Amino acid sequence: MKKIVEIDRDSGFCFGVVNAIQRAEKELQKDQILYCLGDIVHNAQEISRLEKAGLKTINHEQFSRLKNKKVLLRAHGEPPSTYSTAEQHGLKVVDATCPVVLQLQKKIKKKYMEEGPGCQIVIYGKKGHAEVNGLVGQTEGNAIVIENEDDLEKIDFSKKVCLFSQTTKSVDGFQHIVKEIGNRMNEQAGFEFFDTICRQVANRIPQLLRFVTQYDLVFFVAGEKSSNGKFLYEECKKANSNTYFISQFEDIDISLLQSINSIGICGATSTPKWLMVEIAEKLKEILVTHTENEL
């Protein structure tokens, strides 16, 4: 029987990441060096590819010492302080903030300015995540970040709450937080919530679950730093227990290929399509050139 290796057609970079990488490639065609504040995408292989073209990844401390250079701001977005530093240091900013994230930043800033100190801006997201840091920056650092139900103790339920979400969080998780805050709110205090989750990311979950159930073995490809990757992998693992997390072909345990007829390959919104294609081609070569006994 011919063994099948197929790639999930909907896996791979989301629009925001595609835009950031295209912006980087365009700038690198004009200049040999382009600085990027933080990893342009949480995938080591894609970063390595771009670094060979001249991209130099820097952290915020290095950014604060940079003068008169060109710096790309990735899709995750940045707080206002980053733009102020760039202006003070004569840096040319290539702003590749995802439009969805940019819109969310504006919503949070507007609500913060309108409501004033009487309202608590709460963000459902991962503390320290680049996108979340940019969102908190819209409130002069005053927003409360909630990762899970245990963090709800940070909120004063006698004061108004305006809840937003990091764009890549799960819809179910957000709805659970909404319910828990609503149950605890003082009746006299106001509670507003805004579902700001990117549907291009959220809608991938049901599609991914349909994909992984079709195969004997699934390799989920993502970078170790990818929050989206870890979350989507766990969802895939629930749907098909024979799902394995890999970052590159070398992570594959070849013994897993024994007695299987179909392999599915999928990935996160930070996983480049070329990497999944490369892994699929190498798997096909192994399956063609080896018998099951040799595996």
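These exercises work through a predicted model of one protein chain.

**Exercise 1. Overall layout**

Task: State how many helices and strands the protein chain has, what box its C-alpha atoms fill, and what share of its residues is buried.

Solution.
- Step 1. Start with the elements. The protein chain has 11 helices and 12 strands.
- Step 2. Take the extent along the principal axes. The C-alpha atoms fill a box of roughly 70 × 50 × 25 Å.
- Step 3. Turn to burial. The chain has 295 residues, and 52% of them count as buried.
- Step 4. Look at the contacts with a separation of 6 or more. Residues 24 or more positions apart account for 71% of these.

**Exercise 2. The nonpolar cores**

Task: Find the largest nonpolar core, and say which elements supply it with at least two residues each.

Solution.
- Step 1. Count the members. The largest nonpolar core has 20 residues.
- Step 2. Pick out the residues with the most contacts inside this core. They are V17, I21, L34, I40, V41, L55 and L72.
- Step 3. Assign elements. At least two residues of this core come from each of α1 (15-30), β2 (34-37) and α2 (44-52). The largest share, five residues, is from α1.
- Step 4. Examine one member, L55. Leaving aside residues up to four places away in sequence, L55 touches L28, L34, C36, I40 and L50.
- Step 5. Note the other core. A second, separate core has 18 residues, including V5, I246, I252 and A280.
- Step 6. Set this in context. Nonpolar side chains tend to be buried together in soluble globular proteins.

**Exercise 3. The four-stranded sheet**

Task: Work out the strand order of the open sheet of four strands, and explain why β1 and β11 count as its edges.

Solution.
- Step 1. Read the order. It is β1-β12-β10-β11, and the pairing is parallel.
- Step 2. Check the ends. β1 (4-7) and β11 (243-246) each have a single partner strand, so one side of each lacks a neighbour in the sheet.
- Step 3. Add the twist. Ignoring direction, neighbouring strands of this sheet are turned by 20° against each other on average.
- Step 4. Place the helix. α9 (residues 204-212) packs on the sheet and touches β1, β10 and β12 (262-267). The direction of α9 makes about 160° with that of β12.

**Exercise 4. Strand β10**

Task: Describe the pairing of β10 with β11 and β12, then decide whether β10 is enclosed or open.

Solution.
- Step 1. Take β11. β10 (residues 217-221) pairs with β11 in the parallel sense over four bridges. Here F220 stands opposite F245.
- Step 2. Take β12. Five bridges join β10 to β12, and the two run parallel. V218 of β10 stands opposite G264 in β12.
- Step 3. Test the two faces. L217, F219 and V221 lie on one side, V218 and F220 on the other, and all are buried.
- Step 4. Conclude. Five of the five residues of β10 are buried, so β10 is largely enclosed by the rest of the structure.

**Exercise 5. Two helix pairs**

Task: Describe how α1 packs against α2, and how α5 packs against α6.

Solution.
- Step 1. Choose the descriptors. Two packed helices are described by the angle between their axes and the distance between the axes.
- Step 2. Apply them to α1 and α2. The angle is about 15°, and the axes are 10 Å apart. The cut-off for roughly parallel is under 35 degrees, and α1 and α2 are therefore roughly parallel.
- Step 3. Add the handedness and the contact. α1 passes α2 in a left-handed crossing. I21, E25 and L28 in α1 meet E46, R49 and L50 in α2.
- Step 4. Repeat for α5 (residues 99-115) and α6 (residues 130-137). The angle is about 30°, with axes 8 Å apart. That makes α5 roughly parallel to α6.
- Step 5. Finish this pair. α5 passes α6 in a right-handed crossing. V101, L104, Q105 and I108 of α5 make the contact with E131, G134 and L135 of α6.

**Exercise 6. A loop residue**

Task: Locate I254 and classify its exposure.

Solution.
- Step 1. Locate the residue. I254 is in the loop between β11 and β12.
- Step 2. Classify it. I254 has 29% relative accessibility and counts as partly exposed.
- Step 3. Relate I254 to Q45. They are 209 residues apart along the chain, and their C-alpha atoms are separated by 21 Å.

Conventions:
Residues numbered from 1 in each chain as written. Predicted model: local features only at pLDDT ≥ 70, side-chain atom pairs only at ≥ 80, totals over all residues. Heavy atoms only, no water. Core = buried A, V, L, I, M, F, W, Y, C linked by side-chain atoms within 4.5 Å. Buried < 20%, exposed > 50% of the residue type's maximum accessible area, 1.4 Å probe, protein only. Contact = heavy atoms within 4.5 Å. Pairing = 2+ DSSP bridges. Axes fitted to C-alpha atoms, helices over the stretch in contact; angles between N-to-C directions. Parallel < 35°, antiparallel > 145°, perpendicular 65-115°, else oblique. Left-handed = near helix turned anticlockwise from the far one by under 90°.
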